[in-house]
Amino acid sequence: MAMGVMDEARKLGIRIPEDLSVMGFDDHSVTQLDAYNLTTVSHQREKLYQAVLQALDLAIEHPEKKTSEIFLMKINVRKTVKRKN
């Protein structure tokens, strides 16, 4: 989605990051290409999926219980976010 936003913004003459900061999620290898060089959030996909499945199982088996998880994620700053001085 973020790369699509970048493509459309460029067509409209919107400069990234000068006029618009764009950030993605998942840190796919394509985001690192020079054409995008997209700032992204990366995470441990397998742990995230496993936690989601466990939460679904818990919700089905014990709908009265509330659950929460904390996931450590990393922001990979590249060239699509303007830095403030």
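**Close-up 1. Ile-60 in helix 2 of the predicted model**. Helix 2 spans residues 45–61 and includes Ile-60. The relative accessibility of Ile-60 is 64%, so this residue counts as exposed, the cut-off for that class being over 50%.

**Close-up 2. A nonpolar patch on the surface**. Ile-60 forms this patch together with Val-52, Leu-53 and Leu-56. The accessible area of the four side-chain-bearing residues Val-52, Leu-53, Leu-56 and Ile-60 together is about 400 Å².

**Close-up 3. The surroundings of Thr-39 in strand 2**. Strand 2 covers residues 39–42, Thr-39 among them. Thr-39 has a relative accessibility of 1% and therefore counts as buried, since buried means under 20%. Leaving aside residues up to four places away in sequence, Thr-39 touches Val-22, Met-23 and Gly-24, as well as the run Ile-75, Asn-76, Val-77, Arg-78, Lys-79, Thr-80 and Val-81.

**Close-up 4. Side-chain directions along strand 2**. Thr-39 and Val-41 point one way from the strand, while Thr-40 and Ser-42 point the other way. Thr-39, Thr-40, Val-41 and Ser-42 are all buried.

**Close-up 5. Pairing of strand 1 with strand 2**. Strand 1, residues 23–25, runs parallel to strand 2, and 3 bridges join them. Val-41 of strand 2 has Phe-25 opposite.

**Close-up 6. Pairing of strand 2 with strand 3**. Strand 3 consists of residues 74–76 and pairs with strand 2 in the antiparallel sense, over 3 bridges. Here Lys-74 in strand 3 stands opposite Ser-42.

Conventions. Residues are numbered from 1 along each chain as its sequence is written. This is a predicted model: local features need pLDDT of at least 70, side-chain atom pairs count only at pLDDT 80 or more; totals for chains, interfaces and linings use all residues. Side-chain values use heavy atoms; hydrogens and water are left out. Patches are made of residues with over 30% relative accessible area and no salt bridge: like charges are joined within 9 Å, nonpolar side chains (Val, Leu, Ile, Met, Phe, Trp, Tyr) within 5 Å. Accessible areas come from the Shrake-Rupley method with a 1.4 Å probe; for residues, only the protein chains shown count as cover. Helices (H or I, at least four residues) and strands (E, at least two) are DSSP runs, numbered from the N terminus. Buried means under 20% relative accessible area, exposed over 50%, partly exposed in between (1.4 Å probe, protein chains only). Contact means heavy atoms within 4.5 Å. Two strands pair if DSSP finds at least two bridges between them.
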